[in-house]
Amino acid sequence: FVDFSMIIGAFMIGRLLQGPLPKLSGAMLYGLCGLILLSAFVLNTPLWLDVLLFIPLGGLFVSIDLALIEHLKGQGDLSRCMDIHHRSDKVASVAGGLVMGASAQIFGLITAMPVLVVLFLLAAAITWRWRPPSGLHT
């Protein structure tokens, strides 16, 4: 039996341990998120492994946040870029939570999770396709 708090706890531990992760491109980060979600919800993995998979997922989310903040460099100093990101993140979190929650309620969790995986892989493809030219983004 897995309690939802165990999954959230593993995710938050991953956010704390983000430092050791290698620096990856945005496309790789979104792609890895999609693959982790795929292995956690679609493949027949034991529940304890599903919980453990949320540790690297939490770290990947922090890496995505940092990459998005870095992408905003042209908007001003670091505090302004972080402010822009955090305000946008709040709106996106509410919208994403509502869409994911409604999808899980309407279609069921078993159907909604593969859709979430596809959306992360789509974000990876979009991020890869429209990445800044070399030299403009470190």
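Cysteine 81 lies in helix H4, which covers residues 78-107. In this predicted model, cysteine 81 has a relative accessible area of 3% and is therefore buried, the limit for that class being under 20%. When neighbours within four places in sequence are left aside, the contacts of cysteine 81 are with Ile69, Leu72, Lys73, Gln75 and Gly76. The C-alpha atom of cysteine 81 is 8.7 Å from that of histidine 71, and the two residues are 10 apart in sequence.

Histidine 85 is also placed in helix H4. The relative accessible area of histidine 85 is 6%, so this residue too is buried. Residues up to four places away in sequence not being counted, histidine 85 touches Asp65, Leu68, Ile69 and Leu72. Ile69 and Leu72 thus appear in the contact list of cysteine 81 and again in that of histidine 85.

Helix H4 itself consists of 30 residues. From its first C-alpha to its last, H4 reaches 41 Å, which is close to the 44 Å expected at 1.5 Å a residue. Glycine 108 follows H4, and the phi angle of this glycine is positive, near 90°.

The protein chain as a whole contains 5 helices and 0 strands. Read from the N terminus, the order of its elements is α-α-α-α-α. The chain has 138 residues, of which 29% count as buried. Its exposed surface is about 9,200 Å², and carbon and sulfur atoms supply 72% of that area. Among contacts between residues at least 6 apart in sequence, 72% join residues that are at least 24 apart.

In soluble globular proteins, nonpolar side chains tend to be buried together. In the present model, the largest nonpolar core has 20 residues. The members that touch the most other members are Cys33, Leu37, Phe54, Leu57 and Phe120. At least two residues of this core come from each of helix H1 (4-16), helix H2 (26-42), helix H3 (47-71) and helix H5 (109-129). Phenylalanine 120 is in contact with Tyr30, Cys33, Gly34, Leu37 and Phe61, leaving aside its neighbours within four places in sequence.

Leucine 119 is found in helix H5. With 47% relative accessibility, leucine 119 counts as partly exposed, because exposed residues are those over 50%. Its C-alpha atom is separated by 7.8 Å from that of glycine 34, although the two residues are 85 apart along the chain.

The structure holds 1 aromatic pair. The pair is formed by phenylalanine 11 and phenylalanine 61, whose ring centres are 5.2 Å apart and whose planes stand at 85°, so the arrangement is edge-to-face. For this class the planes must be over 60 degrees apart. Phenylalanine 11 belongs to helix H1 and phenylalanine 61 to helix H3, so the pair ties together parts that are 50 residues apart in sequence. The two partners fall into separate accessibility classes: phenylalanine 11 counts as buried at 15% relative accessibility, whereas phenylalanine 61 counts as partly exposed at 27%. Phenylalanine 61 is also among the contacts of phenylalanine 120.

The confidence of the prediction can be stated for the chain and for one segment. The mean pLDDT of the protein chain is 81, and 88% of its residues reach 70 or more. Over residues 134-138, pLDDT stays under 50. For this segment the model has 7 contacts beyond four places in sequence.

Methods
Residues are numbered from 1 along each chain as its sequence is written. This is a predicted model: local features need pLDDT of at least 70, side-chain atom pairs count only at pLDDT 80 or more; totals for chains, interfaces and linings use all residues. Side-chain values use heavy atoms; hydrogens and water are left out. A nonpolar core is a set of buried Ala, Val, Leu, Ile, Met, Phe, Trp, Tyr and Cys residues joined through side-chain atoms within 4.5 Å. Buried means under 20% relative accessible area, exposed over 50%, partly exposed in between (1.4 Å probe, protein chains only). Helices (H or I, at least four residues) and strands (E, at least two) are DSSP runs, numbered from the N terminus. Contact means heavy atoms within 4.5 Å. Rings of Phe, Tyr and Trp (its six-membered ring) pair if their centres lie within 6.5 Å; planes under 30 degrees apart count as stacked, over 60 as edge-to-face and the rest as tilted. The expected span of a helix is 1.5 Å times one less than its number of residues. pLDDT is the predictor's confidence in each residue, from 0 to 100. Accessible areas come from the Shrake-Rupley method with a 1.4 Å probe; for residues, only the protein chains shown count as cover.
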